[in-house]
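Let's take a friendly walk through a protein model. Have a look at the sequence and the 3D view first, and then we can explore together.

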Number of protein chains: 2
Amino acid sequence: MRIPVQINESSAEPLYHQIETQLRSLIVTGQVAEGTLLPSIREFAADLKCSVITIRRVYQDLENEGLLRTRQGTGTFVTRVDTDDREEYKKQIVLEAVRSLLDAARSVGYSPEELKALVDETLRKEERK
Amino acid sequence: MRIPVQINESSAEPLYHQIETQLRSLIVTGQVAEGTLLPSIREFAADLKCSVITIRRVYQDLENEGLLRTRQGTGTFVTRVDTDDREEYKKQIVLEAVRSLLDAARSVGYSPEELKALVDETLRKEERK
DNA sequence: TAATGTGTGCTTATCAATATATACAGGAGC
DNA sequence: GCTCCTGTATATATTGATAAGCACACATTA
């Protein structure tokens with residue numbers, strides 16, 4: 001199974017953290033179902049063009065959070081998915097991004113109106129794709 | 001002069017990078033004017049509760065970009081401000097944030113309508129402050 | 001059932017980037 | 001001169017990222 005993770009080369013956010021955040025999101029939102037066998041660390045590393053160690057760290061961190069279960073010689077599986085706070089989690093993710101957008105806009109002195117216009121315009125462009 | 005830089009402790013973005021990005025933005029957008037004497041590295045470091053070295057790195061990087069000029073014993077000044085691409089720069093900053101918001105929304109399966117509603121709601125809340 | 005092949009994850013050794021504390025050195029002003 | 005402000009250099013710890021090889025699990029097959 002292929003896991004849709006996007007690496008942003010130019011970001012200052014550490015590689016392992018980008019992968020970890022996105023994979024966690026995929027699991028918690030249910031886009032990668034409970035019981036799923038994830039790609040092996042080698043396969044995933046080759047896919048993302050990074051080191052095996054980096055993937056291992058991601059799997060290990062998420063295992064410590066209780067989202068994954070790893071067995072040597074076998075692979076890494078998705079375990080628990082708490083569907084209760086799934087919607088809440090999703091909203092948090094988006095709200096976080098909205099807040100950082102507002103910060104950015106304020107930092108360069110964009111008014112709420114200008115910002116709203118820019119968001120609307122971008123949304124329209126996206127829909128046309 | 002006090003420089004309004006906000007450190008996000010919980011972010012994975014390196015400290016020096018957070019400071020650098022925000023200070024660059026303040027200079028390029030003209031919120032910190034050409035000729036301004038910035039706080040000394042010690043003063044700034046104390047303000048942000050970080051190491052002197054970290055501030056020095058920021059000043060040095062921005063000096064290499066041509067935005068600052070440093071003289072030992074005297075301090076660090078804002079030099080050039082290219083007002084030509086100021087508006088363009090501002091828009092880029094905001095657009096970048098809009099894009100990452102769209103990414104976040106898509107990654108958790110938020111529809112454009114839901115997203116727009118959330119943005120509007122947040123903007124309204126902000127205005128009431 | 002023992003041997004082996006090929007897939008897993010794991011360990012070690014290493015390097016680069018980030019961040020720090022502490023001590024050094026130059027300029028301004030009394 | 002001295003003193004007190006600047007930035008600068010050195011040495012060190014911590015974290016992020018890598019390569020190469022070790023160890024376990026399981027299926028195949030002699």
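## A threonine in a loop

Where does T79(A) lie? T79(A) sits in the loop between strand 2 (75-78) and helix 4 of chain A. Keep in mind as you read that this is a predicted model.

With a relative accessible area of 24%, T79(A) is partly exposed, because buried is reserved for values under 20% and exposed for values over 50%. Leaving aside neighbours within four places in sequence, T79(A) is in contact with E34(A), G35(A), G66(A), L67(A), L68(A) and R69(A). One of these partners, E34(A), is 45 residues away along the chain, yet the C-alpha atoms of T79(A) and E34(A) are separated by 5.4 Å. Another partner is G66(A): its backbone oxygen lies 2.9 Å from a polar atom of the T79(A) side chain.

## A second threonine, in a helix

Now compare T54(A), which belongs to helix 3 (residues 52-64) of chain A. Is T54(A) buried or exposed? T54(A) has a relative accessible area of 17%, so it counts as buried. Not counting residues up to four places away in sequence, T54(A) touches L15(A), Y16(A) and I19(A).

## Helix 4 of chain A

How many residues does helix 4 of chain A have? There are 22 residues in this helix, and from first C-alpha to last it reaches 32 Å, close to the 32 Å expected at 1.5 Å a residue. After helix 4 of chain A comes G109(A), with a positive phi near 75°.

The buried residues of helix 4 of chain A include V94(A), V98(A), L101(A) and A105(A). Look at the spacing of their numbers while you remember a general rule. An α-helix has 3.6 residues a turn, so residues three or four places apart point the same way. The buried residues of helix 4 of chain A pack against helix 5 of chain A, and also against helix 4 and helix 5 of chain B.

## Helix 5 of chain B

Helix 5 of chain B covers residues 112-127, and its 16 residues should span 22 Å at 1.5 Å a residue; the end C-alpha atoms are 22 Å apart, which agrees. Among its buried residues are L115(B), L118(B), V119(B) and L123(B). Their cover includes helix 4 and helix 5 of chain A, together with helix 4 of chain B.

## A core built by both chains

Which residues have the most contacts inside the largest nonpolar core? They are V94(A), L101(A), L115(A), V94(B), L101(B) and L115(B), in a core of 28 residues. Helix 4 and helix 5 of chain A, and helix 4 and helix 5 of chain B, each supply at least two residues of this core. In soluble globular proteins, nonpolar side chains tend to be buried together.

V94(A) is a good one to click on: it touches residues of chain B including L101(B), A104(B), V108(B), Y110(B) and L115(B).

## Where the chains meet

In total, 32 residues of chain A are in contact with 32 residues of chain B. About 2,900 Å² is buried between the two chains, with carbon and sulfur atoms giving 74%. V94(A), V108(A) and L123(A) supply 18% of the area that chain A buries against chain B, more than any other three residues.

Charged side chains take part too. The rule finds 2 salt bridges across this interface, and one joins D120(A) to K116(B), at 3.6 Å from N to O. On the side of chain A that touches chain B, helix 4 of chain A gives the most, with 12 residues.

Terms used. Residues are numbered from 1 along each chain as its sequence is written. Chains are lettered from A and ligands numbered from 1 in the order in which they are written. This is a predicted model: local features need pLDDT of at least 70, side-chain atom pairs count only at pLDDT 80 or more; totals for chains, interfaces and linings use all residues. Side-chain values use heavy atoms; hydrogens and water are left out. Helices (H or I, at least four residues) and strands (E, at least two) are DSSP runs, numbered from the N terminus. The expected span of a helix is 1.5 Å times one less than its number of residues. Buried means under 20% relative accessible area, exposed over 50%, partly exposed in between (1.4 Å probe, protein chains only). Contact means heavy atoms within 4.5 Å. A nonpolar core is a set of buried Ala, Val, Leu, Ile, Met, Phe, Trp, Tyr and Cys residues joined through side-chain atoms within 4.5 Å. Buried area is the accessible area (1.4 Å probe) that two parts lose on being put together, summed over both. A salt bridge is a side-chain nitrogen of Lys or Arg within 4 Å of a carboxyl oxygen of Asp or Glu. A polar contact is a pair of N or O atoms within 3.5 Å; within protein, one must be able to donate a hydrogen and the other to accept it, and residues adjacent in sequence count only if both atoms are side-chain atoms.
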